[in-house]
Amino acid sequence: MVDALHAPGSPSQGWTTPSAMAVAPPRADRTELIEQWHQRCAALGLSRVERPDFEPMRRSDLVVARERNQRLFTHAAPVMEMLLEQIVNTDSMIVLADTTGTILHSVGDDRFLQRANKVALTPGVSWAEHSKGTNAIGTTLVEETPTVVHGGEHFIHANNFLTCSAAPIFDPRGEMLGVLDVTGDQRSYHQHTMGLVRMSARMIENQWLSDDYGNRLRLHFHGRAEFIGTLLEGIIVVGADGKILGANRSALDQLDMSIAAVRMQSLASLFGITASAVFDHFRSPLPAPMMLHAVSGQLFHVSARFNGPQRSVVLDMPVSSVEPRMPEEPNARPSSAARGDEAAARQAGPSPHAPLSGLHYLDTGDAQIAATLLKVRRVINRDIPLLVLGETGTGKELLARAVHQDSNRARQPFVAVNCASIPESLIEAELFGYEEGAFTGARRKGAVGRIVQAHGGTLFLDEIGDMPLSLQARLLRVLQERNVTPLGSLKSIPVDIAVIGATHRNLREMIAAGTFREDLYYRLNGLVVKLPPLRERSDLDVVARRILLAECPQDTPEIAPAVLALFKAYAWPGNLRQLANVLRTAAVMSAGERHICEHHLSDDFLEDARRVLSQAAPGAAAPAPSAPQAAALPQAAHAAAPPEHTMPPLRDSESLPVAAPEAPRTLGEAEIDMIRSALAAADGNISVASKRLGISRNTIYRKLRWNKGE
């Protein structure tokens with residue numbers, strides 16, 4: 001049944017706010033669909049003038065139903081409370097129903113709850129289609145897809161004053177668990193409501209998945225790296241034999257597969273990789289996300305999670321020539337022989353082939369980086385908070401992980417929270433969680449917030465400048481008192497954490513504008529360091545080599561002199577992240593060859609590099625070449641490419657590594673000019689421009705908005 005209300009969101013576009021995934025308002029072309037639903041109700045013997053059924057199940061039966069769905073209630077209750085904060089004072093209520101359509105729990109505006117009682121929209125009453133006709137809860141159970149039923153679309157006339165948006169809740173194996181619904185007065189209908197409901201349902205599903213598979217390998221993936229760690233990420237659970245045990249709905253959307261089809265796959269058949277290879281990659285101290293191709297050809301950024309005992313098993317594996325195995329039992333520990341091998345390896349010192357770790361790994365020969373690392377080393381283990389400044393993509397999280405790795409907390413968790421990527425309505429739950437026993441009847445452990453997860457280790461608050469002002473005071477209290485109070489609880493949990501913050505924003509300007517708390521700023525900036533953008537660093541060749549070694553540990557290609565000269569002349573607005581993306585593609589294109597040449601680079605990057613560099617001096621003649629770069633390009637620009645790929649030689653006026661003298665500009669002005677050039681070349685398409693620049697669409701919007709002085 002094809003309809004705008006039932007079409008899943010496009011995984012290629014993604015959504016970052018409720019409005020981006022909200023359904024369209026009810027339209028006239030829904031008539032045929034509604035008629036089909038009504039015919040189904042008529043076939044059940046229902047009448048449109050049915051009186052509301054005020055006969056809820058007996059109290060003892062409701063207790064049994066709630067007991068049977070206790071786990072669902074435990075996961076759903078805190079999410080419902082958060083959702084209620086988003087719709088408060090809108091004449092609405094939130095309803096949780098089981099797979100029979102029986103309402104288990106409801107919260108909402110008191111006045112509207114009284115109106116809902118008049119049509120028996122209350123706990124203990126079944127709202128299955130065979131009882132209440134067409135309605136969002138019952139119809140969702142039948143259609144097994146998010147559903148809106150608005151006003152007169154309800155089969156029973158008494159319910160016509162309602163507008164209802166419901167979404168099913170599934171477990172990782174594809175079994176339906178229940179339905180989450182928001183119901184309100186039809187006059188209060190808003191297209192964003194369905195977006196909030198779907199997001200909330202996915203929160204419940206992801207918590208269920210984590211609860212089911214806390215000790216299993218989980219791969220978190222998305223086509224865009226910035227969406228990993230958000231509700232948009234896909235999650236698949238991998239068994240000890242590499243078989244796929246379960247997945248969340250975002251994974252199914254991105255893979256365009258049913259849960260049954262996914263569960264018939266293995267890591268090898270789905271991504272062309274083994275579980276052992278995943279372990280090999282992610283057991284290193286500072287692993288970068290993997291880039292994996294699905295069977296459909298889609299390219300995904302992938303990170304791995306090893307919660308619970310299994311995580312320690314993975315990270316404690318000794319480096320050896322023997323391929324590691326996933327433990328069959330989640331509580332398994334390395335054998336005594338393995339522990340002995342590990343001790344011997346430690347006494348022998350690091351292997352020449354083992355990856356470097358910590359701050360030493362980041363020391364690649366640039367004087368600015370070396371000075372930054374020297375400062376950072378002096379405050380490690382001294383309980384001094386660190387604030388890292390720098391443009392997007394300069395490696396702020398990499399520095400934070402290195403600090404953690406070199407600290408006394410290295411064996412404890414490193415928990416990263418991107419304050420910009422989590423929807424504002426969810427970030428409080430992500431940070432603070434909710435506590436066991438905080439809700440009536442809750443028996444199982446509640447959701448643990450990121451701050452508590454970081455206990456004993458390091459909490460990295462990325463893009464701290466994007467944290468909502470309303471939460472900054474609560475975070476300040478946690479940092480001062482070292483106690484966390486979960487949502488819905490009066491209990492405080494003591495936490496021992498090292499705090500590292502990072503942002504690309506100017507926090508002092510935000511303080512002056514009243515958008516960032518001054519007291520929180522001084523709590524975070526024990527030591528402030530700024531990472532230079534890639535265009536200002538002198539170690540690009542070393543960094544590029546490191547990236548290629550990570551991508552191609554065996555038969556690592558070299559970078560042709562012409563390409564390296566091009567890289568050094570380019571401004572890299574996306575910094576290290578953009579360089580990594582360019583090299584990742586080039587490494588794939590040059591597979592089996594000794595050098596990365598120009599014809600291995602993507603066309604859009606080459607085009608953008610030529611255009612941006614030529615526009616750096618509009619109308620100016622090329623000056624005499626300076627430095628080795630200028631000497632390398634005219635002769636070597638195409639020498640390494642095969643004849644069939646050779647591009648026409650550049651005219652003197654088109655030479656890449658030149659720059660005419662011009663009036664001094666700030667880096668910000670140069671950045672704005674580069675963004676505008678990329679937008680012009682992309683015909684105003686923000687998505688295309690962001691891909692070419694290696695930065696997010698939000699960054700483009702923000703830079704252009706700030707440039708206008710808004």
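The following passage describes salt bridges in a predicted model.

In this predicted model, the structure holds 21 salt bridges. Among them is the pair formed by R30 and E153, whose side chains meet with a separation of 2.4 Å from N to O. R30 is located in the loop between α1 (18-21) and α2 (31-43), whereas E153 is located in the loop between β3 (147-150) and β4 (162-170), so the salt bridge ties together parts of the structure that are 123 residues apart in sequence. As to solvent accessibility, R30 has a relative accessible area of 1% and is buried, and E153, with a relative accessible area of 11%, is likewise buried; because buried denotes a relative accessible area under 20%, each of these two values falls within that class.

A further salt bridge is formed by R187 and D185, for which the closest N and O atoms are 3.0 Å apart. The two partners fall into separate accessibility classes, since R187 counts as exposed at 71% relative accessibility, while D185 counts as buried at 3%. The salt bridge between R537 and D539, in which the closest N and O atoms lie 2.8 Å apart, joins two residues that are both buried.

Beyond these individual pairs, the model also contains a network of salt bridges, in which R71, D171, R173, D211 and D212 are linked. In general terms, side chains of opposite charge can pair when their charged atoms come close.

Key: Residues are numbered from 1 along each chain as its sequence is written. This is a predicted model: local features need pLDDT of at least 70, side-chain atom pairs count only at pLDDT 80 or more; totals for chains, interfaces and linings use all residues. Side-chain values use heavy atoms; hydrogens and water are left out. A salt bridge is a side-chain nitrogen of Lys or Arg within 4 Å of a carboxyl oxygen of Asp or Glu. Helices (H or I, at least four residues) and strands (E, at least two) are DSSP runs, numbered from the N terminus. Buried means under 20% relative accessible area, exposed over 50%, partly exposed in between (1.4 Å probe, protein chains only).
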